[in-house]
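Please walk me through this protein structure. Start with one local detail, then widen the view and come back to single residues.

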Amino acid sequence: AGQAQHFRSRGPRKHPATHIAGLFHHRAPALRTVRGPQSMEEHPLLQAAPAAAAAPAPAPAAATDEEKRERKKRRRETGPRPVSSDVSLGNHQRYYGYRPRVQGAEPRRADARLRFLDATWWNNKKAKDVGCNDGTFSLEIARRFEPRILVGVDADAGLIRAATALVARRAREVDPDALLAKTEVKKGVARKGPLPFPHNCFFENEDVTTGGGDHSFDVISAFSVTKWIHLNHGDAGLLKFFRGVYASLKPGGRFVLEPQQWKSYQNRRRASEQIKATFKSIQVKPADFARVLVDDVGFESCELLGTPDDEALPEGFRRPIFCAVKGSGA
């Protein structure tokens with residue numbers, strides 16, 4: 001109790017600042033001149049906590065419609081990025097991410113060219129897509145039109161790897177029961193029918209100008225690829241490609257073609273020194289392709305299916321789509 005009384009007899013406790021100053025009295029004589037709390041606050045041990053970090057800068061204002069249009073214009077002028085520095089094959093990376101889609105009958109936006117294609121040309125048929133790029137459009141055709149088999153080919157091995165990887169991703173989305181639903185039972189024996197999407201799609205690295213050995217296709221398509229064949233191999237190379245397509249089709253088979261306009265050739269004529277020289281030698285223009293396919297290659301007919309003219313499409317993507325038919329007796 002006496003000890004408790006001793007503590008109470010000390011009187012009121014000193015202010016914390018004054019107490020700390022006393023502790024340093026014998027070490028820092030300069031503190032003996034301190035008189036008021038204002039001066040005490042200047043001591044480094046008594047500094048206030050650092051101020052809170054400044055608030056982050058406000059997010060930039062949303063782009064105006066004019067700025068968005070300017071960005072789209074710059075993207076159109078520069079085009080999609082190539083897989084490598086060599087763009088002479090038209091091997092653009094993410095080409096189908098760059099190409100605009102339009103609103104169709106389905107809830108999601110789709111490629112404008114699909115509405116000009118007849119599903120019966122592909123359904124349960126053997127098909128080939130030349131210049132398939134990363135496989136995006138080839139897989140969309142296979143999903144919608146259900147060919148028995150669709151082979152996509154491209155001269156760029158990197159794009160073929162990307163297309164094969166895309167098939168694997170699509171396969172993970174397929175319900176296994178869909179495979180069982182395709183099984184047919186005839187006379188008590190179970191047989192597999194046509195494989196469901198995407199197991200009906202295959203991709204191969206192939207240079208179509210060298211020709212192919214498979215002559216059993218019902219339909220062959222070439223979407224936005226003839227310009228690059230033409231610029232690399234000239235009129236002779238393009239004619240060789242057309243004749244190779246003709247030879248690869250069954251009698252009655254179809255060749256679906258989407259050629260780029262001549263203006264598109266002019267925009268790429270300086271892609272390389274070889275292309276520059278080849279461009280000057282070209283005599284057959286895209287407007288002549290329908291006539292060449294019938295008169296020089298041997299197709300029975302070549303019909304214009306239409307030209308996508310959707311407002312969302314830049315002018316450069318509004319390309320005509322043709323269908324050439326091989327005679328049934330050929």
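Right after helix α6 comes E146, with a positive phi near 50°. The model is a predicted one, and this backbone angle is read from it like every other value here. Helix α6 itself spans residues 136-145 and is mostly covered. Seven of its ten residues are buried. They are F137, S138, L139, E140, I141, A142 and F145. The list holds the charged residue E140.

Now the whole chain. The protein has 330 residues, and 37% of them count as buried. Its secondary structure comes to twelve helices and eleven strands. How much of the contact network joins residues at least 24 apart in sequence? Among contacts between residues at least 6 apart, the share is 69%. The accessible surface comes to about 19,800 Å². Carbon and sulfur atoms account for 53% of that surface.

Next, the rings. A search of the whole structure finds eleven aromatic pairs. One of them joins W121 and W122. Their ring centres are 6.3 Å apart, and the planes make an angle of 35°. That pair is classed as tilted. W121 counts as buried because its relative accessibility is 15%, under the 20% cut-off. W122 is at 1%, so W122 is buried as well. F241 and F242 form another tilted pair. Here the centres lie 5.8 Å apart and the planes are at 40°. Both of these phenylalanines are buried. The pair also belongs to a wider group. Ring pairs link F241, F242, Y246, F255, F289 and F299 into a cluster.

Two lysines sit over aromatic faces. K126 lies over the face of F217, at 5.0 Å from the ring centre. The charged end of K285 sits over the ring of W262. In that case the distance to the ring centre is 4.5 Å.

W262 is also where helix α10 (262-268) begins. In the loop between β9 (249-258) and α10 lies Q260. Is Q260 buried or exposed? Q260 is buried, because its relative accessible area is 2%, under the 20% cut-off. Its polar side chain has partners. One is the side chain of T226, in a polar contact at 3.5 Å. Another is the backbone nitrogen of K227, which lies 3.1 Å from a polar atom of the Q260 side chain. Leaving out residues up to four places away in sequence, Q260 touches S224, V225, T226, K227, W228, Y265, P286 and R319. The two polar partners, T226 and K227, appear in that list.

T226 is also the start of helix α9 (residues 226-248), and D235 lies in this helix. D235 is partly exposed, with a relative accessible area of 22%. What does its side chain reach? The side chain of D235 reaches the backbone nitrogen of Q283 at 2.8 Å. Beyond its neighbours within four places in sequence, D235 is in contact with H230, S281, I282, Q283 and V284. A further pair shows how the chain folds back here. D235 and T278 are 43 residues apart along the chain, yet their C-alpha atoms are separated by 8.9 Å.

Back to α10, which also holds R268. At 24% relative accessibility, R268 counts as partly exposed. R268 and F279 are eleven residues apart in sequence. From C-alpha to C-alpha, the two are 9.2 Å apart in space.

Last, the cysteines. How many disulfides does a search of the whole structure find? The count is zero. For C302, the nearest cysteine sulfur is that of C323, 7.6 Å away. A disulfide needs the two sulfur atoms within 2.5 Å, so C302 and C323 do not form one. C302 is partly exposed, at a relative accessible area of 22%. C132, in contrast, is buried, with a value of 1%.

How values were computed. Residues numbered from 1 in each chain as written. Predicted model: local features only at pLDDT ≥ 70, side-chain atom pairs only at ≥ 80, totals over all residues. Heavy atoms only, no water. Helix = DSSP H or I, 4+ residues; strand = E, 2+ residues; numbered from the N terminus. Buried < 20%, exposed > 50% of the residue type's maximum accessible area, 1.4 Å probe, protein only. Contact = heavy atoms within 4.5 Å. Areas by Shrake-Rupley, 256 points an atom, 1.4 Å probe, with all protein chains shown as cover. Phe/Tyr/Trp six-rings, centres within 6.5 Å; stacked < 30°, edge-to-face > 60°. Lys NZ or Arg CZ within 6 Å of the ring centre and 35° of its normal. Polar contact = N/O pair within 3.5 Å; in protein donor to acceptor, adjacent residues only side chain to side chain.
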